[in-house]
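User: I would like to go through this model term by term and see what each label rests on. Please set the values against the cut-offs.

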Amino acid sequence: MMLNRLTSLFRVPCTNLITNVLRTAAIPASRLQFPAVAGLPPASSLLSRLNSSLVSSQQSGAALEDVNKQVQSGTEGRLFAVVQLCGKQFKITSGDVIIVEGYWPPTNGDQIRLDKVLLAGGKDFSLVGRPLVPQGLVEVRATIIEKSLSHTKTHFRKKRRKQYMRINFFRTQQTMIRINSIEVSSEGLNNQSQVGASDVERFY
C-alpha cells in the first residue's frame with residue numbers, strides 16, 4: 001500500500017526510492033504488486049533492476065575488501081593517478097616528471113601535495129572520483145625541481161597585398177615537477193574519513 005501511494009504521488013520513474021524502501025522494510029519480492037502508472041516501467045523490469053542493484057552492492061562490497069587487503073599487504077603494484085593541475089590533467093606514476101606551463105607560484109625545492117585527484121589505481125583496481133576522489137583517500141606528493149623558460153617560439157602574422165608582416169619571438173615560463181609518491185590510504189577506504197591537513201602546502 002505504501003509503494004502504491006509513493007508511485008502515484010511522484011508519477012516519475014522512482015527505482016532508487018523503491019529500492020531504499022525495500023531495503024528498510026525488508027519486503028520480499030514475491031509480495032510486491034506495482035500499479036500501472038503512466039511513466040513507470042512494468043513491474044518485471046522494476047524487480048529485475050532491484051535484484052541487479054542488490055547483487056551489484058554485494059559485489060562492490062567484496063571488491064572493496066579485496067582492495068583493502070591489497071593496500072594493507074602492499075601488493076597493489078605500481079600505483080597511477082590522474083590529477084588536475086593548473087587547468088590540465090596529467091596521468092602520473094611515482095618518479096614521473098611533468099611540466100606546467102605559465103606562471104605558477106611555487107619555487108625550487110618546494111614540497112607540495114596534489115589534492116585534485118580524479119582517478120587512481122593499481123594492478124587490479126581503480127578508484128574513480130565523481131568528479132574527485134574523496135579527500136584523504138589518495139595522497140600524491142611532489143617536488144618542484146626546476147623553474148625555467150621554454151624554447152623560443154615564433155609568432156608570425158601577415159596580410160597579403162597589404163604590405164603587412166610582423167614576426168615576434170617569445171618564451172613561456174615552465175615549472176618542472178617530480179612525482180615523489182602516490183599512496184592509497186586503507187583507513188580512507190574503510191570509512192572515507194578526511195585526513196587532517198599536514199604542513200605540506202596544497203596547490204590546485
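User: What share of the residues in the chain is buried?

Analyst: The model is a predicted one. Of the 204 residues in the chain, 32% are buried. The chain exposes about 13300 Å², and carbon and sulfur atoms supply 52% of that area.

User: Which elements does the chain have?

Analyst: There are four helices and 11 strands in the chain. Among contacts with a separation of 6 or more, 68% are between residues 24 or more positions apart.

User: Why is S150 called buried?

Analyst: Its relative accessible area is 2%. Buried means under 20%, so S150 is buried. S150 is found in the loop between strand 7 and strand 8. Leaving aside neighbours within four places in sequence, S150 is in contact with R171, T172 and Q174.

User: Why is G109 called partly exposed?

Analyst: G109 has 47% relative accessibility. Partly exposed covers what is neither under 20% nor over 50%, so G109 counts as partly exposed. G109 lies in the loop between strand 3 and strand 4. Not counting residues up to four places away in sequence, G109 touches T143 and I144. The C-alpha atoms of G109 and A142 are 9.8 Å apart, and these residues are separated by 33 residues along the chain.

User: What makes C86 and R161 stand out in their phi values?

Analyst: Most residues other than glycine have a negative phi. C86 is not a glycine, and its phi is positive, about 55°. R161 is not a glycine either, with a positive phi of about 60°. C86 is found in the loop between strand 1 and strand 2, and R161 in the loop between strand 8 (153-159) and strand 9 (164-170).

User: Are C86 and R161 buried, partly exposed or exposed?

Analyst: C86 has a relative accessible area of 32%, so it is partly exposed. R161 is at 67%; exposed means over 50%, so R161 counts as exposed.

User: How do you know that the peptide bond between R130 and P131 is cis?

Analyst: Omega is about 0° for the bond that joins R130 and P131, and the bond is cis. Most peptide bonds are trans. P131 lies in the loop between strand 6 (126-128) and strand 7.

User: What makes strand 5 largely enclosed?

Analyst: Four of the five residues of strand 5 are buried, so the rest of the structure largely encloses this strand. Strand 5 pairs with strand 1 in the antiparallel sense over four bridges. At least two bridges are needed for a pair. In this pairing A81 has A120 of strand 5 as its bridge partner. Strand 5 also pairs with strand 6, antiparallel, over three bridges, and there A120 stands opposite L127. Strand 5 and strand 6 form a hairpin with four residues between them.

User: Which strands pair with strand 10 (residues 173-184), and over how many bridges?

Analyst: Strand 3 is joined to strand 10 by five bridges and runs antiparallel to it. Strand 7 is joined to strand 10 by 11 bridges, also antiparallel. Both counts meet the minimum of two bridges. In strand 10, R178 is the bridge partner of V97, and I177 is that of I144.

User: What makes up the two faces of strand 3?

Analyst: In strand 3 (residues 97-101), I98 and V100 form the covered face, while V97, I99 and E101 form the uncovered one. In a regular strand the side chains alternate between the two faces of the sheet.

User: Which residues have the most contacts inside the largest nonpolar core?

Analyst: I92, V138, V140 and I177 do, in a core of 27 residues. Several elements each supply at least two residues of this core, including helix 3 (43-73), strand 7 (138-149) and strand 10. Leaving aside neighbours within four places in sequence, V140 has contacts that include A81, I92, L114 and I179.

User: Why is K159 said to lie over the face of Y164?

Analyst: K159 is at 4.9 Å from the ring centre of Y164. The cut-off for a charge over a ring is within 6 Å, so the distance fits and K159 lies over the face.

User: How many aromatic pairs does the structure hold?

Analyst: The structure holds zero aromatic pairs. A pair would need ring centres within 6.5 Å.

How values were computed: Residues are numbered from 1 along each chain as its sequence is written. This is a predicted model: local features need pLDDT of at least 70, side-chain atom pairs count only at pLDDT 80 or more; totals for chains, interfaces and linings use all residues. Side-chain values use heavy atoms; hydrogens and water are left out. Rings of Phe, Tyr and Trp (its six-membered ring) pair if their centres lie within 6.5 Å; planes under 30 degrees apart count as stacked, over 60 as edge-to-face and the rest as tilted. A charge sits over a ring if NZ of Lys or CZ of Arg is within 6 Å of the ring centre and within 35 degrees of the ring normal. Buried means under 20% relative accessible area, exposed over 50%, partly exposed in between (1.4 Å probe, protein chains only). Contact means heavy atoms within 4.5 Å. Accessible areas come from the Shrake-Rupley method with a 1.4 Å probe; for residues, only the protein chains shown count as cover. A nonpolar core is a set of buried Ala, Val, Leu, Ile, Met, Phe, Trp, Tyr and Cys residues joined through side-chain atoms within 4.5 Å.
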